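Here is my note on the chain you sent over, set out as numbered points. I hope it is useful as you look through the structure yourself.

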Amino acid sequence: QVQLVESGGGLVRPGGSLRLSCAASGSIFRIYDMGWYRQAPGKQRELVASITNGGTTDYADSVKGRFTISRDNAKNTVSLQMNSLNPEDTAVYYCNAVQKTGGIWRPRFNWGQGTQVTVSS
């Protein structure tokens with residue numbers, strides 16, 4: 001069973017930056033594609049960034065150019081650097097391994113607690 005623990009969230013002013021970290025347990029981390037999701041109140045959880053086991057990245061249009069996903073397989077971690085934050089980025093952020101089924105990226109494992117990001121002036 002893979003466990004996922006997110007950290008690094010907090011309150012930030014518009015235009016500010018945060019770096020989120022996800023620690024994953026398990027010996028097979030290096031083979032998984034990984035992603036960062038977010039869920040705002042009353043909204044569906046959405047995938048905002050992904051990184052393959054080979055390091056190829058992809059981003060939702062809403063965050064492209066502002067967020068950067070990275071991974072460190074030796075440490076079983078995946079990070080999300082968030083710059084130029086705006087209030088629309090306010091959400092609980094989650095990480096997970098992802099796999100593409102039916103043309104859509106899907107989460108592989110149970111969700112962790114997530115970490116709250118609040119962007120407000």
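**Notes on the chain**

1. Let me begin at P87, which sits in the loop between β8 and β9. With a relative accessibility of 42%, P87 counts as partly exposed. Its contacts, once residues up to four places away in sequence are set aside, are P14 and V119. P87 and S120 are 33 residues apart along the chain, yet 5.8 Å separates their C-alpha atoms. Please keep in mind that this is a predicted model.

2. S84 shares that setting, in the loop between β8 and β9. What stands out about its backbone is phi: S84 is not a glycine, but the angle is positive, at about 50°. Most residues other than glycine have a negative phi. At 43% relative accessibility, S84 is partly exposed.

3. Which other residue would I check for its backbone angle, being a residue other than glycine with a positive phi? N76 is one, with phi near 55°. N76 is placed in the loop between β7, residues 67-72, and β8. Is N76 buried or exposed? The relative accessible area of N76 is 18%, and the cut-off for buried is under 20%, so N76 counts as buried.

4. Now the overall fold. The chain has 11 strands and zero helices, so reading along the sequence gives β-β-β-β-β-β-β-β-β-β-β. Its radius of gyration is 13 Å, close to the 14 Å that the globule rule gives for 121 residues, so the chain is as compact as a globular protein of that length. The C-alpha trace spans about 40 × 30 × 25 Å along its principal axes.

5. On packing, 41% of the 121 residues count as buried. If you take the contacts between residues at least 6 apart in sequence, 55% of them join residues at least 24 apart.

6. For the surface, the chain exposes about 6500 Å², and carbon and sulfur atoms supply 46% of that area. There are 13 positive and 8 negative side chains, and the centres of the two sets lie 3 Å apart.

7. How many disulfides are there? The count comes to one, formed by C22 and C95 with their sulfur atoms 1.8 Å apart. This pair links distant parts of the chain: C22 belongs to strand β3, residues 18-24, and C95 to strand β9, with their positions 73 residues apart in sequence. The torsion about the S-S bond of C22 and C95 is about 50°, so the disulfide is right-handed. C22 is buried at 0% relative accessibility, and C95 is buried with a relative accessible area of 0%.

8. Strand β9, residues 91-101, also holds V92. At 19% relative accessibility, V92 counts as buried, because the cut-off is under 20%. What does V92 touch, leaving aside its neighbours within four places in sequence? V92 is in contact with Y37, R38 and Q39, and also with Q113, G114, T115 and Q116. As for W111, which is 19 residues from V92 along the chain, the C-alpha atoms of the two are separated by 12 Å.

9. S79 is worth a look in strand β8, residues 77-82. S79 counts as buried, at 11% relative accessibility. Beyond residues up to four places away in sequence, S79 touches R19, L20 and S21, together with W36 and with T68, I69 and S70.

10. Last comes R30, in the loop between β3 and β4, where β4 covers residues 33-39. Not counting residues up to four places away in sequence, R30 touches N53, R71 and N73. How far apart in space are R30 and T115? Their C-alpha atoms are 23 Å apart, and the two residues are 85 apart in sequence. T115 has appeared above as one of the contacts of V92.

Methods. Residues are numbered from 1 along each chain as its sequence is written. This is a predicted model: local features need pLDDT of at least 70, side-chain atom pairs count only at pLDDT 80 or more; totals for chains, interfaces and linings use all residues. Side-chain values use heavy atoms; hydrogens and water are left out. Helices (H or I, at least four residues) and strands (E, at least two) are DSSP runs, numbered from the N terminus. The radius of gyration is taken over C-alpha atoms; the globule rule is 2.2 Å times the number of residues to the power 0.38. Buried means under 20% relative accessible area, exposed over 50%, partly exposed in between (1.4 Å probe, protein chains only). Contact means heavy atoms within 4.5 Å. Accessible areas come from the Shrake-Rupley method with a 1.4 Å probe; for residues, only the protein chains shown count as cover. Lys and Arg count as positive and Asp and Glu as negative; His and the chain ends are not counted. The place of a charge is taken as NZ of Lys, CZ of Arg, CG of Asp or CD of Glu. A disulfide is a pair of cysteine sulfur atoms within 2.5 Å.
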